[in-house]
Amino acid sequence: MTTATATAELLTVPEVMARLKLGRSTVYDLIRSRRLTSITIGRSRRVPADAVRDFITREIEEVA
């Protein structure tokens, strides 16, 4: 895996906010409650793109 590919798979909190159309505190609440997986690199919080897709899928399944 190249560095560019690995970087593209990790989203910043503002990117997650934009994708989910949610506010900053809501995204951090999802991370804190472990409904949205994230990792910390140094002082930066990153969310794998797969975790966002998994979160959306789980939310859709709960409603159905």
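Which residue in the turn of the hairpin formed by β2 and β3 has a positive phi? In this predicted model, the residue is Gly-42, with a phi of about 65°, and the hairpin has 2 residues between its two strands. This turn is a handy place to start a tour of the fold, which can then be followed from the sheet to the helices that accompany it.

The protein is built from 4 helices and 3 strands. Read from the N terminus on, these elements follow one another as α-β-α-α-β-β-α. Of its 64 residues, 23% count as buried. Among the contacts with a separation of 6 or more, 42% are made by residues 24 or more positions apart.

The 3 strands come together as an open sheet, and their order in it is β1-β3-β2, with antiparallel pairing. The strands at the edges are β1, residues 10–11, and β2, residues 39–41, each of which pairs on one side only. The two pairings can be taken in turn. Strand β3, which covers residues 44–48, is joined to β1 in the antiparallel sense over 2 bridges. Here Leu-10 has Pro-48 of β3 as its bridge partner. The pairing of β2 with β3 is also antiparallel, and it runs over 3 bridges. In this second pairing, Thr-40 stands opposite Arg-45 of β3. It is the β2 and β3 pair that forms the hairpin whose turn holds Gly-42. A useful point to keep in mind when looking at such a sheet is that side chains in a regular strand alternate between its two faces.

Ser-38 offers a close look at the surroundings of the sheet. This residue sits in the loop between α3, residues 24–32, and β2. Is Ser-38 buried or exposed? Its relative accessible area is 18%, so Ser-38 falls under the 20% limit and counts as buried. Leaving aside neighbours within four places in sequence, Ser-38 is in contact with Ile-31, Arg-45, Arg-46, Val-47 and Pro-48. One of these partners, Arg-45, also meets Ser-38 through a polar contact between the two side chains, at 2.9 Å. Arg-45 is thus a residue to look for twice, since Arg-45 is also the one opposite Thr-40.

The helices come next. Two packed helices are described by the angle between their axes and the distance between the axes. For helix α2 (residues 13–20) and helix α4 (residues 49–63), the axes come within 11 Å and cross at roughly 30°. An angle under 35 degrees counts as roughly parallel, and α2 and α4 are therefore roughly parallel to each other. The contact between them involves Val-16, Arg-19 and Leu-20 on the α2 side, and Ala-49, Val-52, Phe-55 and Ile-56 on the α4 side. The crossing of α2 past α4 is right-handed.

Leu-20 shows this packing at the level of one residue. Located in helix α2, Leu-20 has a relative accessible area of 16% and is buried. Not counting residues up to four places away in sequence, Leu-20 touches Val-52, Phe-55 and Ile-56. The last of these lies 36 residues from Leu-20 along the chain, yet the C-alpha atoms of Leu-20 and Ile-56 are separated by 8.5 Å.

How do α2 and α3 lie relative to each other, roughly parallel or roughly perpendicular? Their axes come within 9 Å and cross at roughly 105°. Angles of 65 to 115 degrees count as roughly perpendicular, and that makes α2 roughly perpendicular to α3. Val-13, Pro-14, Val-16 and Met-17 of α2 make this contact with Arg-24, Val-27, Tyr-28 and Ile-31 of α3. Val-16 appears in the contact with α3 as well as in the contact with α4, while Ile-31 of α3 is also among the residues touching Ser-38.

Finally, the loops on either side of α3 deserve a glance. Most residues other than glycine have a negative phi. Lys-21, in the loop between α2 and α3, has a positive phi of about 55° although it is not a glycine. With a relative accessibility of 72%, Lys-21 counts as exposed. Arg-34, in the loop between α3 and β2, likewise has a positive phi, about 65°, without being a glycine. Arg-34 is exposed too, with a relative accessible area of 74%. Ser-38, placed in the loop between α3 and β2, is by contrast buried.

Technical notes:
Residues are numbered from 1 along each chain as its sequence is written. This is a predicted model: local features need pLDDT of at least 70, side-chain atom pairs count only at pLDDT 80 or more; totals for chains, interfaces and linings use all residues. Side-chain values use heavy atoms; hydrogens and water are left out. Two strands pair if DSSP finds at least two bridges between them. Buried means under 20% relative accessible area, exposed over 50%, partly exposed in between (1.4 Å probe, protein chains only). A polar contact is a pair of N or O atoms within 3.5 Å; within protein, one must be able to donate a hydrogen and the other to accept it, and residues adjacent in sequence count only if both atoms are side-chain atoms. Contact means heavy atoms within 4.5 Å. Axes are lines fitted to C-alpha atoms, for helices over the stretch in contact, and angles run from 0 to 180 degrees between N-to-C directions. Angles under 35 degrees count as roughly parallel, over 145 as roughly antiparallel, 65 to 115 as roughly perpendicular and the rest as oblique. A crossing is left-handed if the near helix is turned anticlockwise from the far one by less than a right angle, and right-handed if clockwise.
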